[in-house]
Amino acid sequence: MQYAAPEPMPAASYPSSSVELGDVKRILVRRRFLILATALLLTLAALLYGLFTPALYSSVAEIIVDPQDLQVVTNDVNPSRVPPDGGITMVESQVAVVQSSGVLLRAIAATNLTEDPEFNGQGGLLSRLLGGGSAETDKTGKTLDALRRRLAVKRADKVLVLDVIVTAKSADKAAMLANAIAQAYLADQASARAKMATDASDSITARLDEQRKRVQQAENAVEAYKSANNMVMAAGNLVSDQELTEINTQLSAAQSRTAALKAQVDQLRKQGGAPDATSEAMRSSVISSLRTQEATLVDQLSQLGTELGPRHPSMIAAQQQLRDTRQLIARELGRIVTAAETDYERALANQQALEAKVAGMKSKSLDTDQASVKLRELQRDLEAVRSVYATYLQRAQETREQINVDSTNARIISSAMPALKKSWPPLLLLVFGAFFGGLGLGTGMALIAEYSSPTVLSSAQMQSAIEAPVVGVLPAKPARRRWWPFGGAATPAAQKMDAVAGLALRRLFASSRRPPNWPLVPSILLTSAPEDAAQRGRVARLLANAAAARGSRVLFIDTNGGKSQKEPQPGLLDVLRGEYAFEALSQFAPGSNVAVLGKGRPKAAFSEAQGVYFTQHMLAQASRNFDLVVVDGGALADNLNASPLVAMVDEIVLVATLNATPMRDVTAASQAISVMGRLPTGALLVDEAA
């Protein structure tokens with residue numbers, strides 16, 4: 001009667017194969033020698049580099065740049081104006097100026113750096129062998145490139161100070177070059193500003209001739225127009241206008257005088273017979289003298305009349321004198337009236353003459369006014385051109401003076417000093433960096449090596465690969481007990497391993513689907529990749545011992561045993577060929593519950609159907625004397641004789657070593673089991689780190 005192998009439980013859904021943090025730790029521990037070798041190699045290289053590399057020294061010169069230029073004159077060529085950002089952008093641009101070819105070439109010329117082998121590129125063997133090119137140009141270009149590589153210009157945050165850092169093989173040379181570059185920068189700035197002033201002055205001076213010609217043309221136009229229109233100027237005004245103004249003034253004065261004389265004549269005429277009451281008579285000195293004389297004679301007559309009488313000769317003489325005096329007064333008053341009338345007539349004639357002249361000049365002025373409109377326009381053009389010319393002339397003088405004035409807004413606040421310590425190579429930093437960098441590189445190489453040829457890293461990865469549970473993880477350290485033959489006293493470590501193996505057995509058969517009253521003995525077949533043969537054999541014996549330690553009678557079938565024997569003893573292969581009875585070959589080890597069945601003699605092949613039949617028959621007979629059969633099935637991909645066992649055993653367990661068994665071998669073993677018509681029902685892992 002034929003029996004089919006019991007169906008295993010459906011595989012559970014396991015997590016995908018992924019590397020966890022613990023797996024990375026396993027990888028790094030396993031490949032620690034690669035990581036440490038890489039770190040030590042890089043550390044040694046860094047140490048050798050630091051010891052044999054020529055020392056370099058760095059010196060710093062500090063330059064402060066004031067965004068507000070030095071104000072020398074009001075109309076400066078470089079206007080002083082602080083930008084909204086406080087000058088940060090302007091100072092940032094000066095970083096590029098310090099590193100420009102113009103500044104560096106000044107410093108090279110000042111220090112004769114083209115003759116220094118450290119910078120001119122002539123000291124190397126390769127440059128001497130290659131040669132070629134213009135010697136002077138080639139040295140200058142190489143010196144400039146070398147200086148740029150050794151120069152660093154930095155600006156700290158929120159400050160307007162530039163740090164000029166130069167590195168050289170000599171501390172004194174580094175300080176000298178840093179100071180030379182700082183001085184070259186200041187000289188370049190002063191030269192640039194002087195050149196700006198020179199260019200501005202030359203440009204303005206070139207325009208002066210043009211402006212002068214324009215002034216001459218405007219003046220000639222004015223003079224030609226005045227000559228064409230008979231317009232004579234004096235003190236900036238037309239002579240005809242000045243004459244008209246003067247005559248108008250004279251006419252006004254004449255009119256005033258005429259009016260005053262007329263009023264005087266009218267008053268004299270109005271007085272009639274008493275002209276002596278007029279103001280002119282009162283102001284006349286002659287009238288005043290005659291009046292005084294008249295008053296004296298009147299007093300004298302009064303006195304004589306009292307003393308002498310009216311007929312006295314003295315009285316008569318005095319009366320005659322009084323009459324003569326009054327006649328003189330009358331004649332003088334008449335002359336005043338006549339003189340006033342004469343003055344009035346003369347003033348009137350003069351007024352009339354002036355009015356006639358003004359009328360004539362006004363008629364002539366009307367003709368001149370039309371020409372004056374154009375003249376004033378020409379004069380305005382002349383004044384504008386003169387103003388521009390004067391401005392150009394003044395600006396040319398100012399810019400010419402600014403050429404010799406240094407208005408540089410930068411200064412050196414700290415000159416470079418020779419460095420006391422070398423700046424390169426930093427030996428301690430290089431060694432530490434190389435060591436930790438080597439650890440990182442070695443770690444990366446270890447992970448790359450692991451992922452290029454992945455191994456079994458964890459139980460989850462193994463479960464995902466074979467779609468079966470991992471029933472236990474055993475330590476790789478051998479327990480101190482006697483493995484062959486079976487039996488003997490066990491140490492505490494061995495007892496612990498037996499406990500792990502026993503738990504694995506319980507997990508295996510707890511998930512088994514053996515039908516009730518199944519006639520075949522419970523059986524387990526262990527297989528692995530060829531590289532894990534030793535671990536597989538150890539695990540198989542461990543399972544057999546663990547079951548025997550709990551009182552079970554165990555049949556241990558070793559399909560790999562007897563290889564070293566010259567004349568193999570009968571065993572499994574003989575049973576599967578039907579040549580020997582199973583009971584005749586199975587025997588218990590002394591003092592043990594484990595019976596051992598070797599591989600047997602591979603002298604003749606057998607058909608698979610025959611092997612399955614005898615395997616079934618063997619397991620049925622074994623159920624009478626044994627509680628468990630443990631089969632070391634070897635590497636199934638290389639051991640086709642185990643195919644009948646694969647078809648009939650209850651559990652097929654794949655043995656692999658953590659961090660050692662390649663995943664491709666696990667896949668190959670799983671495929672070999674699948675080709676034989678079964679699937680792995682579980683896996684046991686061996687942890688070498690435990």
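L48 is partly exposed, because its relative accessibility is 41%, a value between the 20% limit for buried and the 50% limit for exposed. The model is a predicted one. L48 sits in helix α2, which covers residues 32-52. With L44, L47, L51 and F52, L48 makes a nonpolar patch on the surface. The patch measures about 510 Å².

Nonpolar side chains also gather inside. In soluble globular proteins, such side chains tend to be buried together. Here the largest nonpolar core holds 33 residues. L147, I181 and Y185 have the most contacts within this core. Several elements supply at least two residues each. The helices among them are α3 (88-98), α4 (101-111), α7 (135-150) and α8 (171-228). The strands are β1 (57-65), β2 (151-155) and β3 (161-168). Helix α8 gives the largest share, with ten residues.

Which residues does I181 touch? Leaving aside residues up to four places away in sequence, I181 touches V98, V103, L104, A107, L147, L151, V164 and V166. One of these, L147, is itself among the residues with the most contacts in the core.

Another core lies apart from this one. That second core has 30 residues, including W518, L520, V521 and V649.

Next come two residues with unusual backbone angles. Most residues other than glycine have a negative phi. E467 has a positive one, near 55°. E467 lies in the loop that runs between α14 (459-466) and β7 (470-475). Is E467 buried or exposed? E467 is exposed, because its relative accessible area is 54%, and the limit for exposed is over 50%.

N659 also has a positive phi, of about 65°, and is not a glycine. The loop that holds N659 lies between β13 (651-657) and α21 (663-675). N659 is buried, because its relative accessible area is 7%, and buried means under 20%. So E467 is exposed, whereas N659 is buried.

Last, a word on confidence. The average pLDDT of the chain is 78. A score of at least 70 is reached by 79% of the residues. Over residues 9-17, the pLDDT is below 50. That stretch has 14 contacts in the model beyond near neighbours in sequence. Residues 479-485 also stay under 50. For residues 479-485, the model has 21 contacts beyond four places in sequence.

Terms used: Residues numbered from 1 in each chain as written. Predicted model: local features only at pLDDT ≥ 70, side-chain atom pairs only at ≥ 80, totals over all residues. Heavy atoms only, no water. Patch = residues over 30% accessible without salt bridge, like charges linked within 9 Å, V, L, I, M, F, W, Y side chains within 5 Å. Areas by Shrake-Rupley, 256 points an atom, 1.4 Å probe, with all protein chains shown as cover. Salt bridge = Lys/Arg side-chain N within 4 Å of Asp/Glu carboxyl O. Helix = DSSP H or I, 4+ residues; strand = E, 2+ residues; numbered from the N terminus. Buried < 20%, exposed > 50% of the residue type's maximum accessible area, 1.4 Å probe, protein only. Core = buried A, V, L, I, M, F, W, Y, C linked by side-chain atoms within 4.5 Å. Contact = heavy atoms within 4.5 Å. pLDDT = per-residue confidence, 0-100.
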